[in-house]
Number of protein chains: 2
Amino acid sequence: MRATTIHGPGDIRVEDVPDAVLAEPTDAVVRVELACVCGSDLWAYRGVSKRKPGQRIGHEFVGEVVDVGSEVTSVRVGDRVIAPFTWSDGTCEYCAAGVQTSCRRGGIWGQTGHDGGQGEAVRVPQADGTLVAVPRDADAKLLPAFLSLSDVMGTGHHAALSAGVVPGSVVAVVGDGAVGLCGVLAASRLGAERVIAMGRHEDRAAVARLFGATDQVSERGEAAVQRVRELTGGLGASAVLECVGTAPSWETALGIVRDGGRIGYVGVPHGPDGLSLKDLFNRNVGVGGGVAPVRQYLPELLADVLAGRLDPSPVFDRTMPLEDVADAYRAMEDRKALKVVVKP
Amino acid sequence: MRATTIHGPGDIRVEDVPDAVLAEPTDAVVRVELACVCGSDLWAYRGVSKRKPGQRIGHEFVGEVVDVGSEVTSVRVGDRVIAPFTWSDGTCEYCAAGVQTSCRRGGIWGQTGHDGGQGEAVRVPQADGTLVAVPRDADAKLLPAFLSLSDVMGTGHHAALSAGVVPGSVVAVVGDGAVGLCGVLAASRLGAERVIAMGRHEDRAAVARLFGATDQVSERGEAAVQRVRELTGGLGASAVLECVGTAPSWETALGIVRDGGRIGYVGVPHGPDGLSLKDLFNRNVGVGGGVAPVRQYLPELLADVLAGRLDPSPVFDRTMPLEDVADAYRAMEDRKALKVVVKP
């Protein structure tokens, strides 16, 4: 089959690889209908996150179950399924607690020895705990919305929950990538009174408004902090969603968070590490989040998508064939595309 | 009047100072009935936290209102009152949000230009927002329990809330000082299923058991982490109360917290600063807490004390006259006393 591999910084290829087949009785094989490129894939593309030459890549996909192992009971051949970006057994203490990303038998697509999402098919370990089937009569037009639930929408939701967003919250979202925009949508969905979207790109700001942003801050650095303070009577935001993961984005998040507020962070930490407790302590600022257990949120978010109450699909602004996936990376790296759907 | 002053490391004195008198119409003057020495006073005593020579010290007291300014309406002369360790106006946005420690008109007893708690009387700014009156018929035997609400019990409660303790939680408390012990009591009061108290002192462990600790870990460092892991089926504690504030105590807290869990911290941060986000991110560990808004918790905790449901007074193991306050510091610094009541 054909699948995406990464050979070094900027070196994305589509190659012939061994077909995805069952290896364990708890596996399923999924034929990928749609995949996409993630902002976190770009860290590998830039060479910041290390990969072995030829390693698979991509961790977001929806598709059709084409084979199941003898122990799989929750999905059948022919089911259309959404895969969260990590697999998990659904039965260990962490899965029971809703932290499927810490599952004792868990892993992430594209890790050494495993298929990535950007390919024709994927061997799915722990299929019962991992895959979420979509009703058979669901409209195929919803496929991009389903795809968003494999990572970015669940990740934005995790940021919002981790920041403590409740009805009436004053929220600010740092980062206008697909996750940040989904954070805007999640905060709005949770009943935030104000959602301040931060970012410089007008096309992304338009999506943010569509997703419920009440204010837009296009300044950066200290000017952005001042602007958010102005918008909030000097207090700052009670809930801040940090959706980037760099030192400047954390500086902004700490600058705009209200005393007693919380920062929910889902940006993969890059750059200098080390959060000052002394600053957090005096201001009673809490910090929560991390790698999002999107499997936990999938049923709830899927129900909203199916009911027409939730549509994150505007985060996708391009679709490219699998064979052109290198162009998808380049377009996203050059900020010419927000998030690209890849179609095998 | 007589009051405690600090002149340098280890140099605690009782001196004649100007009488506490009203300065603003929003002030009250409180004659101190009982005060006490805090673990955080010891940071100043050791010279780690800087103080001006002759600065007042002490931030926990209960007493009788002996004078009120013209604008004070919530307390009257003759009322017995509890003072939280910071004053606050009770009306600003932060007070309304329950973060009185960030009050725009707030401050802390003993700061430059203000009376400390370890003296005969205190001028109380923002009396209406700050003081909590005790019913006039309350038993005087409850005075030490009331005194605990001025800081340590409210601070332990803040740690427990910040760590997300709910009925059924598996809790571990790092630190067996008065705040740590109150953290045990708070976690137990909030319905924790297990409360693992960590500390080496048998007399403190006895108080921890009295306060509801279900397990005791006397090991330190990596051995303590291993022991907590053993006690929790390898998972660690879902809620960790960090009640010390040093680098080793944080290392322990991070070692024993369960993936997806939270660390509630109230130990004033000392030592190397900088929390690794990368570690927290992969494990979805949240961090919250800070300087406790005990004023927020006072009514609720006081109601429990008055009803006989809550008694933190066993954290006090000695009482000394004000003139001997230097001995009280020495006894606590030498670990010969847990927490000393000071009686003017």
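In the predicted model, 60% of the 344 residues of chain A count as buried. The accessible surface of the chain amounts to about 12800 Å², and carbon and sulfur atoms supply 49% of this exposed area.

The secondary structure of chain A consists of 12 helices and 18 strands. With these elements in place, the chain has a radius of gyration of 20 Å; the globule rule likewise gives 20 Å for 344 residues, so chain A is as compact as a globular protein of that length. Along the principal axes, the C-alpha atoms occupy a box of roughly 60 × 40 × 35 Å. Among the contacts of chain A with a separation of 6 or more, 69% link residues that stand 24 or more positions apart.

The domain assignment divides chain A into two parts. Domain 1 is made up of two segments, 2-151 and 293-343, whereas domain 2 covers residues 156-289. The centres of domain 1 of chain A and domain 2 of chain A, taken over C-alpha atoms, are separated by 27 Å. Contact between the domains involves 18 residues of domain 1 of chain A and 19 residues of domain 2 of chain A.

With regard to charge, chain A carries 35 positive and 43 negative side chains. The centre of the positive set and the centre of the negative set lie 3 Å apart.

Technical notes: Residues numbered from 1 in each chain as written. Chains lettered and ligands numbered in written order. Predicted model: local features only at pLDDT ≥ 70, side-chain atom pairs only at ≥ 80, totals over all residues. Heavy atoms only, no water. Helix = DSSP H or I, 4+ residues; strand = E, 2+ residues; numbered from the N terminus. Rg over C-alpha atoms; globule rule 2.2 N^0.38 Å. Buried < 20%, exposed > 50% of the residue type's maximum accessible area, 1.4 Å probe, protein only. Contact = heavy atoms within 4.5 Å. Areas by Shrake-Rupley, 256 points an atom, 1.4 Å probe, with all protein chains shown as cover. Lys, Arg positive; Asp, Glu negative; His and termini not counted. Charge placed at Lys NZ, Arg CZ, Asp CG, Glu CD. Domains from an automatic or database assignment.
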